[in-house]
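Biologist: Could you take me on a close look at one part of this model, the small sheet and the DNA surface around it? I would love one connected walk through it.

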Number of protein chains: 2
Amino acid sequence: MNGWEDIRAEVLRRIRARDWPPGALIPGEEALAEEFGVARATVNRALTTLAEAGVIERKKRAGTRVAELPVRRARLEIPVIRLDVVARGLAYDFKLLEDRLAPAPVPVTARLGLPEGSPMRYLETLHLAGGRPYVLETRWLNPEVLPSPLPDFAAISANEWLVTHVSLVSGDIAFTAEPAGPREGKVMGLTPGTPLLVAERTTHGIAGAVTWVRLAHAPGHRVHMLF
Amino acid sequence: MNGWEDIRAEVLRRIRARDWPPGALIPGEEALAEEFGVARATVNRALTTLAEAGVIERKKRAGTRVAELPVRRARLEIPVIRLDVVARGLAYDFKLLEDRLAPAPVPVTARLGLPEGSPMRYLETLHLAGGRPYVLETRWLNPEVLPSPLPDFAAISANEWLVTHVSLVSGDIAFTAEPAGPREGKVMGLTPGTPLLVAERTTHGIAGAVTWVRLAHAPGHRVHMLF
DNA sequence: TTGGCTAATATGTCTAGACATAATCCCAAG
DNA sequence: CTTGGGATTATGTCTAGACATATTAGCCAA
C-alpha cells in the first residue's frame, strides 16, 4: 500500500469523482507527499504517469491542474499479418503476385520524401486466412536502405521480414474506406465497388524512408483499438 | 547531458544499430550506471520508458533483453468533432435529427453489457463542415449514469457535452468500411452503396456503460495516426 | 529423472536530500 | 502605465543507499 500506483489511483479517483474538477489546481507534490506519508519522489512518479496519460497538466511554478479536455488516446497495436490471422484461429498463407523493379509513382515518392521516379521494388502480396482472401498488400520498398541479401519474398512475406530485419523508427497510418477496384475484384473475388477498409502506411528507418504499403482488407474486416 | 533522456537515446541507438540485436541480453542497470557515470535510478528511468515503448523486455532476475518482435503501437487522439473540423479551417455546425427515448437494440445493449431492452436515449446528429455533411452520428446514451440536468442536445452536441461532463474511464473503437444505406444516402446526400469509413465506439465511465456511438464519415475521410 | 526447496540476482520501488529549470509575481525604474 | 529584472516557487531530475519482489539456477531428495 501507498506505493506510487496507489497514489496514482487515489488521485485519479478524486479527479473522476470531481473532488478536483477539470481545470482545478491540485495540491503540490510536497503537500500530497505529506498527506500520503511518502517521499515527494513517489508522488512525482504517480503524477508524471498521469500527465503522460493526459489526465493532468503540469507546469513549473504554476503547479498541477486537472486537464480541461482530457485528450482521449486509443492505442493500435500494428500486427504482423500472419500472427493476426493465426490469433483468429485460421490457417495463414500468402501468395506473391508481383515482384519487380520499377520507378515508383509520384504519390509514393512524395509521401516517402524520395526523389521523383526513384527505382523501387514493387511487391503485390495476397494474404489468405483459412484459404480465403484476407488482405491485398501493395508495397513499394526502397532498396537503398535495406540490408543485403534481400530474402526471397515468395518464401517470407515482406511484412514479416521487415519487422525482424530492419529497425523501424517512425511512420504513419491512415485508414480510409474505398470501393474495390477491378484489381481487387479479380484478385480477391469481389464485386467491384464493394467497400474495403484500406490502411496506407509509410515507414521510416534509421537510414531513411523504407516502405510505403497499402493494405486492402476483405469486406467485414474490423480494426480494433482500446482506450 | 547524461540525463535519463540521453541514456535512453544512447541505448536506443545501440539497439537500432544492432550493437545489441533483437533477443540479446543487455548489460544490467548497475553496469550501465557505471559506464555512463550516473546513479542506477537514472538508468532505471531510461530503461523503464523503453520497456513501456515495447523496445525492450525486462524481467527480474533474468535481466533486460531487446524485444524480438518490437510491437509497433500507433496512437490515435480521439477528437471532439467540432475541434477536428475547426482545425481543418472549416466552419462547424451540426443538426440534431432525432432525439427520443426507446429500448436499445440488442447489439447495443450487448456491447455495453446492459440488460436487453433497456430504455436509452437515442440521438441522431449530422455534423457539418463548411456546410457539407461531415459525419453522421448515431448514438445511444445510458440515462442511468448521466449527471442531471441533461443539456439541450440541440444546443451542444452530445459528443462534446460528454467529454466535459462525464468522466470517461475506458472504451473501445472499431473501424470498418460499410456501404452507405438509404438513411445515410438521404441525410448525407450520397448514392446508396458509397463506401463509408465507420467508427463504432463504446464508452464506459466510473458508474458503468455510458454510450454507444456509430460515426459514419463522409467519403474520402482519412483517419490518421502516427507511430 | 523429476519435483520441489533454497539461495542468488536483476529489476522495482522507496527515501531523504540536493540542485536545476521554468514560470510567475512583484517591485522599481523609466 | 509599461517594462525589465530579480526573487519566489512548483515541478524536473539526480544521487546514494536501502529493502521488496520475482524469477531462475542449482541442489537435494523421492
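Modeller: Happy to! Let us start with a single pair of residues: A:Ile26 stands opposite A:Thr64 in E3(A). This is a predicted model, so please read every distance below as computed from predicted coordinates.

That pair belongs to the contact between E1(A) and strand E3 (residues 63–66) of chain A, which run antiparallel and are joined by two bridges. Widening the view, chain A has an open sheet of three strands in the order E1-E3-E2, with antiparallel pairing. Strand E1 (25–26) and strand E2 (56–59) of chain A are its edge strands, each pairing on one side only.

Between E2 and E3 of chain A there is a loop, and A:Ala62 is found in it. Is A:Ala62 buried or exposed? Its relative accessible area is 40%, so A:Ala62 counts as partly exposed. A:Ala62 and A:Gly28 are 34 residues apart in sequence, yet the C-alpha to C-alpha separation is 9.8 Å.

Chain B carries its own version of the sheet. There, three strands form an open sheet in the order E1-E3-E2, and the pairing is antiparallel. Its edge strands are strand E1 (25–26) and E2 of chain B, each of which pairs on one side only. Two bridges link E1(B) and E3(B) in the antiparallel sense, and B:Ile26 stands opposite B:Thr64 in E3(B).

How do the two chains relate to each other? A turn of 180° with a shift of 0.0 Å along the axis lays chain B on chain A with an RMSD of 0.1 Å. The two copies are therefore related as by a two-fold rotation axis. Of the interface residues of chain B, 100% are also interface residues in chain A, so the copies meet through the same surface.

Now to the DNA, beginning with strand C. DNA strand C is surrounded by 23 residues, the closest being A:Gly3, A:Trp4, A:Thr42, A:Arg61 and B:Arg58. Both chains appear in that list of closest residues. Among the atoms of DNA strand C within 4 Å of the protein, 67% belong to sugar or phosphate, and the rest belong to bases.

Some individual atom pairs make this surface easier to picture. From chain A, a polar side-chain atom of A:Thr42 lies 2.5 Å from a phosphate oxygen of DNA strand C, while a backbone N or O atom of A:Lys60 lies 3.1 Å from a sugar or linking oxygen of DNA strand C. From chain B, a polar side-chain atom of B:Arg40 lies 2.8 Å from a base oxygen of DNA strand C. The elements giving two or more residues to the surface near DNA strand C are helix H3 (40–52) of chain A, along with helix H3 (40–52), strand E2 (56–59) and strand E3 (63–66) of chain B. H3(A) gives the most, with four residues. Sorted by class, the surface near DNA strand C holds eleven charged, eight polar and four nonpolar residues.

Which residues are closest to DNA strand D? They are A:Arg58, B:Gly3, B:Trp4, B:Thr42 and B:Arg61, out of 23 residues that surround DNA strand D. Sugar and phosphate make up 67% of the atoms of DNA strand D that come within 4 Å of the protein.

Here too, the atom pairs are worth a look. An N or O atom in the side chain of A:Arg58 is 2.3 Å from a phosphate oxygen of DNA strand D. For A:Arg61, an N or O atom in the side chain is 2.7 Å from a base oxygen of DNA strand D. On the chain B side, a polar side-chain atom of B:Arg45 lies 3.1 Å from a phosphate oxygen of DNA strand D. Two or more residues of the surface near DNA strand D come from each of H3, E2 and E3 of chain A, and from H3 of chain B. H3(B) provides the largest share, four residues. By class, the surface near DNA strand D divides into eleven charged, eight polar and four nonpolar residues.

This brings us back to the sheet where we began: E2 and E3 of chain A are among the elements giving two or more residues to the surface near DNA strand D, and E2 and E3 of chain B are among those doing so for DNA strand C.

Definitions and conventions: Residues are numbered from 1 along each chain as its sequence is written. Chains are lettered from A and ligands numbered from 1 in the order in which they are written. This is a predicted model: local features need pLDDT of at least 70, side-chain atom pairs count only at pLDDT 80 or more; totals for chains, interfaces and linings use all residues. Side-chain values use heavy atoms; hydrogens and water are left out. A residue is near a molecule or strand if one of its heavy atoms lies within 4 Å of it. A polar contact is a pair of N or O atoms within 3.5 Å; within protein, one must be able to donate a hydrogen and the other to accept it, and residues adjacent in sequence count only if both atoms are side-chain atoms. Ala, Val, Leu, Ile, Met, Phe, Trp, Tyr, Cys and Pro count as nonpolar, Asp, Glu, Lys and Arg as charged, and the others, Gly among them, as polar. Copies are superposed by least squares on the C-alpha atoms of residues with pLDDT of at least 70 in both. Contact means heavy atoms within 4.5 Å. Two strands pair if DSSP finds at least two bridges between them. Buried means under 20% relative accessible area, exposed over 50%, partly exposed in between (1.4 Å probe, protein chains only).
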